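Let's take a walk through a protein fold together. Keep the picture open and follow along as we go.

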Amino acid sequence: MARQPEVIAGLLARAPEFLAAGATLAPGAGGRLFVAGCGDGAFAAEAAAEFARELGLDWRPLGALDLLLSARRLAAADRVIAISMSGNVDRTVAAAEAASGMGARLLALVNGKGGRLGEVAGARISLDIADIAPFLCGTSSYTATVAALMLLAAGAAGRPEAAEALHAALPAIRAAIAFEVTEAVPSGVRLLSAGADAGTVRYGAAKLVELTGVPAWSADLEEFAHSQYWATPVTDLIVVVAAEPALARLATESCEALAELGMRCLAMDTEATPVATATRRWTLPAIPPALAPLATAIPLQALAHGLARAGGLDPDTRTHLKGDAARFRVSRMLTRRSLIGTGQ
């Protein structure tokens with residue numbers, strides 16, 4: 001987690017490479033840019049969407065299975081980015097094959113050689129982030145994926161100057177790695193946001209489940225009040241991510257209301273978007289909302305890491321996952337059949 005400012009700065013230094021790759025994905029007239037992956041890849045595609053749409057792109061983030069099922073409707077003007085760090089996620093590979101079979105122009109965003117996905121896609125670009133240890137929970141690779149997608153979007157939109165805007169996120173990224181977790185392990189965690197950070201809270205819920213075993217859910221801040229709220233124990237921790245003014249105002253009202261039930265609210269806000277009624281606040285420097293996902297994911301990583309340690313687990317090895325041989329094997333049957341028996 002601590003190396004993320006360095007990783008993002010290094011990626012921004014490679015901006016011309018990503019802009020050039022993105023330029024090959026400029027949609028034709030009326031074309032859409034589909035951005036697909038599983039897990040962290042799908043979350044990152046959603047997290048980059050606001051930035052891409054502000055550049056005028058018809059950016060369509062979706063899960064790899066949805067792309068696989070809808071590939072027959074791809075048009076000649078459409079373009080596809082398929083995301084997989086290993087390049088060996090079954091559904092992402094299958095979706096890329098289907099898209100390629102329809103003649104769609106396709107780029108694989110990977111880390112390293114890109115495995116099977118790199119072979120299918122033909123064109124690929126790599127984050128080139130060295131793994132510190134095997135089977136780590138995606139942290140720097142996730143934020144780097146979001147940054148890479150924003151750079152590709154700038155290239156696809158024909159707006160290379162927009163890449164410079166990403167440097168504005170670095171102060172918030174540096175501040176985000178300093179937060180410390182003091183919360184006790186709750187009965188569950190509800191992560192709430194909307195807009196640019198909708199993908200961020202989906203990502204945060206996945207990291208909490210992977211590292212802590214604590215039930216975690218993500219939701220739209222407003223829709224939470226109409227659904228999950230009615231089944232939320234008061235012992236759950238409510239986490240709101242608010243880097244946009246209108247969202248922060250609603251979060252302030254929501255935390256005030258939930259306090260009447262004795263619920264704890266942790267706000268991940270910014271200096272420009274305070275959530276003053278939260279039980280506790282982790283406040284980042286002001287950051288443009290479209291760039292916020294580059295920084296707001298990092299406190300969620302810290303939360304998952306801290307709660308895992310508080311619960312007696314080792315988040316740096318995730319042995320509680322890989323050590324469960326039956327569950328680990330079934331996970332590979334579900335997502336990476338080609339890796340069964342390899343230990344990867």
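Where does Ala42 lie? Look in helix α3, and you'll find Ala42 there. Before going further, keep in mind that this is a predicted model. Is Ala42 buried or exposed? With a relative accessibility of 8%, Ala42 counts as buried. Leaving out residues up to four places away in sequence, Ala42 touches Gly37 and Arg202. Now look for Leu62: it sits 20 residues from Ala42 along the chain, yet the C-alpha atoms of the two are separated by 6.2 Å.

Arg202 is worth a second look. Which residue forms a salt bridge with Arg202? That's Glu46, and the closest N and O atoms of the pair are 2.6 Å apart. Glu46 belongs to helix α3 (residues 40-47) and Arg202 to helix α10 (residues 198-212), so this salt bridge ties together parts that are 156 residues apart in sequence. Glu46 counts as partly exposed at 22% relative accessibility, and Arg202 counts as partly exposed too, at 34%.

Stay with α10 for a moment. Lys207 forms a salt bridge with Glu210, and here the closest N and O atoms are 3.2 Å apart. These two are three residues apart in helix α10, so about one helical turn separates them. Their surroundings don't match: Lys207 counts as buried at 3% relative accessibility, whereas Glu210, at 23%, counts as partly exposed.

How many salt bridges does the structure hold? There are 12. One of them joins the side chains of Arg14 and Asp128, at 3.9 Å from N to O. Arg14 lies in the loop between α1 (4-13) and α2 (15-23), while Asp128 lies in the loop between β5 (124-126) and α8 (140-156), so the pair ties together parts that are 114 residues apart in sequence. Arg14 counts as buried, with 19% relative accessibility. That's a close call, because the cut-off for buried is under 20%. Asp128, on the other hand, is exposed, with a relative accessible area of 56%. The pair also has company: Arg14, Glu17 and Asp128 are linked in a network of salt bridges.

Next, the helix just before that Arg14 loop. Which residues of α1 are buried? They are Gln4, Pro5, Val7, Ile8, Leu11 and Leu12. Because these residues cover an arc of only 165° around the axis, they sit on the same side of α1. Turn to the other side of α1 and you'll see Glu6 and Ala13, which are exposed. And what do the buried residues of α1 pack against? Their partners are α2, α8, α9 (170-176) and α13 (293-310).

Time to head for the interior. In soluble globular proteins, nonpolar side chains tend to be buried together. Here, the largest nonpolar core has 82 residues, and Trp59, Ile81 and Leu149 are those with the most contacts inside it. The largest share of this core, 12 residues, comes from α8. Try clicking on Trp59: if you set aside its neighbours within four places in sequence, the residues in contact with Trp59 include Leu33, Val35, Ala45, Ile81, Leu149 and Ala153. Another core, of 19 residues, lies apart from the largest one, and among its members are Val80, Ala96, Leu106 and Ala108.

Strands can be hidden away as well. In β6 (residues 189-193), five of the five residues are buried, so this strand is largely enclosed by the rest of the structure. Which way do its residues point? Val189, Leu191 and Ser193 point one way from β6, and Arg190 and Leu192 point the other way. Strand β7 (residues 216-220) runs parallel to β6, and five bridges join the two. One pairing to look for is Arg190, whose bridge partner in β7 is Trp217.

Last stop: the cysteines. How many disulfides turn up in a search of the whole structure? Zero. Take Cys255, which is in no disulfide: the nearest cysteine sulfur, that of Cys265, is 3.7 Å away. A disulfide needs the two sulfur atoms within 2.5 Å, so a pair has to meet that limit to count. As for their settings, Cys255 counts as buried at 1% relative accessibility, whereas Cys38, at 33%, counts as partly exposed.

Technical notes
Residues are numbered from 1 along each chain as its sequence is written. This is a predicted model: local features need pLDDT of at least 70, side-chain atom pairs count only at pLDDT 80 or more; totals for chains, interfaces and linings use all residues. Side-chain values use heavy atoms; hydrogens and water are left out. A salt bridge is a side-chain nitrogen of Lys or Arg within 4 Å of a carboxyl oxygen of Asp or Glu. Helices (H or I, at least four residues) and strands (E, at least two) are DSSP runs, numbered from the N terminus. Buried means under 20% relative accessible area, exposed over 50%, partly exposed in between (1.4 Å probe, protein chains only). A nonpolar core is a set of buried Ala, Val, Leu, Ile, Met, Phe, Trp, Tyr and Cys residues joined through side-chain atoms within 4.5 Å. Contact means heavy atoms within 4.5 Å. The arc is that of the directions from the helix axis to the C-beta atoms. Two strands pair if DSSP finds at least two bridges between them.
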